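User: I'm new to this one and would like to go slowly. Please pick a single part, take a close look at it, and then show me how it sits in the rest.

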Amino acid sequence: MLNIPMSRRQMLATTAGTTAALALPARATGKLGGGKPITLVVSYPAGGGADAMARLIGPKLADALGQPVIVDNKPGASGTIAAQHVARATPDGTTLLLDASSFAVNPALFPKLAYDSEKSFVPIAVLATFPNVLVCTPGFEAKTVADVVKLARAKPKGLAYASSGNGSAQHLSAALFEQMARIEMTHVPYRGGGPAMNDVMGGQVPLFFANVASGLGQIQSGRLRPLAVTSALRCRALPDVPTMAQAGVPGHEVLEWNPILAPAGITSAVRDTLVAAVKRAMADVEVLGRIRSLGGDVFSGDPIQFLQAQQRLWTRVVKERGITRE
């Protein structure tokens, strides 16, 4: 939720570097900001998942707009540094925020933000969604989600799960699972998804809610065993793995996603131009193929309603579970 791990980055990324021009089409039309480059401000470091998504769609967005597109990574504080920068930018459509699903969590985790997550931005699109997948050490005694629940109820807090840190997608997925299954487990936070996954594969911690894209290779190699995916429907990359609802926890749906937002104050004409350009970029065969190969889906709903629903969900979970950043 907060970031896309290495394997997805490797398959999505098209270039490297912290700030890079993605495309310089000759037919610049000057539709936005007098024709100056469009800057995608990415809330996470170069080499991460949000960065990879920006570099995947950047050239397609440049083609659609007829203007250069540049990626500018401004990582830190769970994406809030980049968000603050874009919230203060000139609202002419040339400075955009490409964030992660942490955007909907941060208002609940940070008591004081330098921006209003609803009033400071105009949502342009949610690009794609990726489910998480509950995985375990191959030799773990539980064979199903029902087995996990049974073990957890038999010994409250005796079962541990790893995450990439407090408030991360993995942590929140597990917290929601605990709440809905009426169980209590022990959270073991790591500094990043890679170390967490390594310890699950090594048997130090039995459970982990991995992003499907990052866990897919390890599942296919047999180093992780999948128990359920967190999407409403089965994941095309893991067709034999049940959903959490099918596994006995109805309503447990967690997706990781990347939104694009503009500063509040852009005109409706600018927003319409950006929405159309993003739709064209996401419909590109190369973009579709890469996202689908990793078990994701291009988002097709209303981004405003989706963002509002995600923020309500995670605000409730953070509050009810007493989750903090530390």
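Analyst: Start with pLDDT, which is the predictor's confidence in each residue, on a scale from 0 to 100. This is a predicted model, where local features need pLDDT of at least 70 and side-chain atom pairs count only at 80 or more, while totals for chains, interfaces and linings use all residues. Numbering runs from 1 along each chain as its sequence is written, and side-chain values use heavy atoms, with hydrogens and water left out. The chain averages a pLDDT of 90, with 91% of its residues at 70 or more. Residues 1-11 fall below 50, though this stretch still has 43 contacts (heavy atoms within 4.5 Å) beyond near neighbours in sequence. Residues 13-30 are also below 50, with 52 such contacts in the model. Where pLDDT is low, the predicted coordinates shouldn't be read in detail.

Our part is strand β6, residues 160-163. Strands here are DSSP runs of E, at least two residues long, and helices are runs of H or I, at least four, numbered from the N terminus. β6 is covered on both faces: Ala160 and Ala162 are buried (under 20% relative accessible area, 1.4 Å probe, protein chains only) on one side, and Tyr161 and Ser163 are buried on the other.

Who lies alongside β6? One partner is β7, residues 186-189, running parallel to β6 and joined to it by four bridges (a pair needs at least two DSSP bridges). Across from Ala162 in β6 you'll find Val188 in β7. To get from β6 to β7, the chain passes through helix α6, residues 169-181, in a right-handed β-α-β crossover: with the strands pointing away from you, the path over the helix runs clockwise.

β6 also pairs with β8, residues 207-211, again in the parallel sense, this time over two bridges. There, Tyr161 has Leu207 as its bridge partner.

Follow the chain on to helix α8, residues 212-220. Asn211 caps the N-terminal end of α8, with a side-chain oxygen 2.8 Å from the backbone nitrogen of Ala213. Val212, Ala213, Ser214, Gly215, Leu216 and Ile219 are the buried residues of α8. Just after α8 comes Gly222, with a positive phi of about 85°.

Now stop at Glu141, in the loop between β5 (121-136) and α5 (145-154). Is Glu141 buried or exposed? Glu141 counts as exposed because its relative accessible area is 59%, where the cut-off is over 50%. Its C-alpha is 9.4 Å from that of Pro206, although the two are 65 residues apart in sequence.

How does this fit the wider picture? The largest nonpolar core (buried Ala, Val, Leu, Ile, Met, Phe, Trp, Tyr and Cys joined through side-chain atoms within 4.5 Å) has 57 residues. Leu98, Ile124, Leu127 and Ile260 have the most contacts inside that core. Setting aside neighbours within four places in sequence, Leu98 touches Leu40, Val41, Ala54, Ile57, Pro259 and Ile260, among others. A second, separate core has 22 residues, and one of them is Leu207, which we met as the bridge partner of Tyr161. Ala142, Ala152 and Ile183 are also among the residues of that second core.

Definitions and conventions. Polar contact = N/O pair within 3.5 Å; in protein donor to acceptor, adjacent residues only side chain to side chain.
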